[in-house]
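Reader: I would like a close look at a single part of this protein, taken slowly and with the surroundings it sits in. Please begin with one pairing of charged side chains and work outward from there.

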Amino acid sequence: MQYTELGKTKENVSILGFGAMRLPTKGSNDNIDENTASEILSYGIDNGINLIDTAYPYHSAGIDGNGNSEVFIGNFLKENSYRDDVLISTKSPSWLMEEKGDFEYYLDKQLEKLKTDSIDIYLLHALTKDDWNKVRKLRVLDFLDDSLSSGKIKHVGFSSHTEIDTFVDILDAYPKWEVVLTQMNYLDEYYQTGVMGLDELKRLNIGSMIMEPLRGGRLVQNIPPEVQKLWDCAEVKRTPVEWALEYLWNRDDVDCVLSGMNSLEQVKQNIQIASNVKEISESDQDLIREVARTYKTLTGNECTSCGYCMPCPEGVDIINCFNEYNIGKMLNNPKGSAMQYFSLIDEDCRADSCIDCGDCEFVCPQMLDIPQELEKVDNYFGREFNHF
Ligand code: SF4
Ligand code: SF4
């Protein structure tokens, strides 16, 4: 296993972190298969993983609920005397906060679930622009100051799927951020905060933890033949998992890559890659770009996110509607993109708000018939978040 310093925290972390959001389950998402989960976590820790990332709602029955991942991790670490061997990262459910006292209420609950006196890395979970504005009004920064002083948390940060402007606003608002969890993989260099966000973190010496390194597994499953043909041309052969992980570990702005592993085979495979990261050459970089381009040709339409069609007088978020639609088509993953579509885009800004007024006619350099394309988006996702 290789290790690196996690930005300002100065913690020496394994470059592979254990994401505890996709633990093995029996039947339903809230029913963790504790024997198998214990076996694979023990193997991971015994072989060098020293960071486990969980969150209040992971492995709950519903998306907003009180999950079982923290409870399982707390019991597992205590029963196996592993607490001193790992850093626990968990997240505050920002969307549930209604008054200032709620922050402390949930933190205390999480400390109890995790059976610990102190959380090593505490992140405000999935901050959107609206959540950020709300938690600031509820004086979240005072709460973080107090929790750092009392020792209930050691390092503080946030996770986010926002666009870069909100990301920078959040970074600028608090000098004590030490860690940020952000989405990155070779398809997402210019999606959400992408390379610009990582660049900001490096400039500020804030530790970067990476989520979705395999795009929810889609970069390594059901590889389209067009993509496989390209991988087969590489001078140094790699598996799709090696391509995805080594791409990240060859970046100097990436610290710890979280992987939501749920089988012993995956843990062994990822640890093996993390123990001997091969260099990505210039020609490998070119090939990765070509693969990313090929994935993108498999998308639903040719929108380049140029923004010429915005703002729409009805408030339709055309760029993000097409973004999520294209990603879902490209990766053949409508459920994953639906989660983003319904959580990131406000109800009034989704595809079904288009009234076909014609204002965006002829403006698109890609010659897209925007209302017609929005209708396809609406048909693809439906009108309710009912995929889970
Ligand atoms: S046609 Fe639809 S997307 Fe285009 S400007 Fe009118 S309402 Fe907005
Ligand atoms: S003008 Fe066309 S390419 Fe540009 S963002 Fe709008 S739909 Fe996409």
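Author: In this predicted model, the side chains of Arg251 and Glu189 come together in a salt bridge, with N and O 4.0 Å apart. The two partners belong to distant parts of the chain, 62 residues apart, since Arg251 sits in the loop between α9 and β10, whereas Glu189 sits in the loop between β8 (179-183) and α7 (194-203). Glu189 has a relative accessible area of 21% and is therefore classed as partly exposed, the cut-off for a buried residue being under 20%.

The loop that carries Arg251 has helix α9 on one side, and this helix deserves the closest attention. Helix α9 is mostly covered, with 10 of its 10 residues buried. They are Pro240, Val241, Glu242, Trp243, Ala244, Leu245, Glu246, Tyr247, Leu248 and Trp249, a list in which the acidic residues Glu242 and Glu246 stand beside nonpolar ones. The cover over these buried residues includes the strands β3 (16-19), β9 (207-211) and β10 (256-259), together with the helices α8 (225-231), α10 (264-275) and α11 (282-297).

One of the buried acidic residues, Glu246, takes part in a salt bridge with Lys278, in which the closest N and O atoms are 3.5 Å apart. Because Lys278 lies in the loop between α10 and α11 while Glu246 belongs to helix α9, this pair ties together parts that are 32 residues apart in sequence. The partners differ in their surroundings: Lys278 is partly exposed, with a relative accessible area of 26%, whereas Glu246 is buried, with a relative accessible area of 1%. Through salt bridges that share partners, Arg238, Glu242, Glu246, Lys278 and Asp284 are joined into one network. In the structure as a whole, 21 salt bridges are found.

The nonpolar side of the picture also leads back to helix α9. The largest nonpolar core has 86 residues, and Leu144, Trp177, Tyr186 and Tyr295 have the most contacts inside it. Helix α9 (residues 240-249) supplies the largest share of this core, namely seven residues. The same core draws at least three residues from each of domain 1 (3-281) and domain 2 (318-381). Apart from this core lies another, of 19 residues, among them Cys309, Cys364, Ile370 and Phe381. Tyr186, one of the residues with the most contacts inside the largest core, touches Ala244 and Tyr247, both of which are among the buried residues of α9. Leaving out residues up to four places away in sequence, Tyr186 also touches Leu219, Trp231, Ile288, Val291, Ala292 and Tyr295.

The division of the protein into domain 1 (3-281) and domain 2 (318-381) gives the wider frame for this region. The centres of the two domains, taken over C-alpha atoms, are separated by 29 Å, and 11 residues of domain 1 are in contact with 12 residues of domain 2. About 890 Å² is buried between the domains, and carbon and sulfur atoms give 54% of that area. On the domain 1 side, Tyr191, Arg215 and Arg218 lose the most area to domain 2, together 51% of what that side buries. Although two of these residues are arginines, the count of salt bridges between domain 1 and domain 2 is zero. Two residue pairs are nevertheless in polar contact across this interface, both at pLDDT 80 or more.

For comparison with the pairs around helix α9, another salt bridge may be set alongside them. The side chains of Arg83 and Asp120 meet at 2.9 Å, N to O, and, as Arg83 lies in the loop between α2 and β5 (87-92) and Asp120 in strand β6, the pair ties together parts that are 37 residues apart in sequence. Both Arg83 and Asp120 are buried. Arg83 is also in contact with Ser118, a residue of the loop between α3 (101-114) and β6 (119-127). With a relative accessibility of 10%, Ser118 counts as buried, and a polar atom of its side chain lies 2.8 Å from the backbone oxygen of Gly151. Beyond its neighbours within four places in sequence, Ser118 has further contacts that include Leu111, Lys152, Ile153 and Lys154.

Definitions and conventions:
Residues numbered from 1 in each chain as written. Chains lettered and ligands numbered in written order. Predicted model: local features only at pLDDT ≥ 70, side-chain atom pairs only at ≥ 80, totals over all residues. Heavy atoms only, no water. Core = buried A, V, L, I, M, F, W, Y, C linked by side-chain atoms within 4.5 Å. Buried < 20%, exposed > 50% of the residue type's maximum accessible area, 1.4 Å probe, protein only. Helix = DSSP H or I, 4+ residues; strand = E, 2+ residues; numbered from the N terminus. Domains from an automatic or database assignment. Contact = heavy atoms within 4.5 Å. Buried area = accessible area lost by both parts, 1.4 Å probe. Polar contact = N/O pair within 3.5 Å; in protein donor to acceptor, adjacent residues only side chain to side chain.
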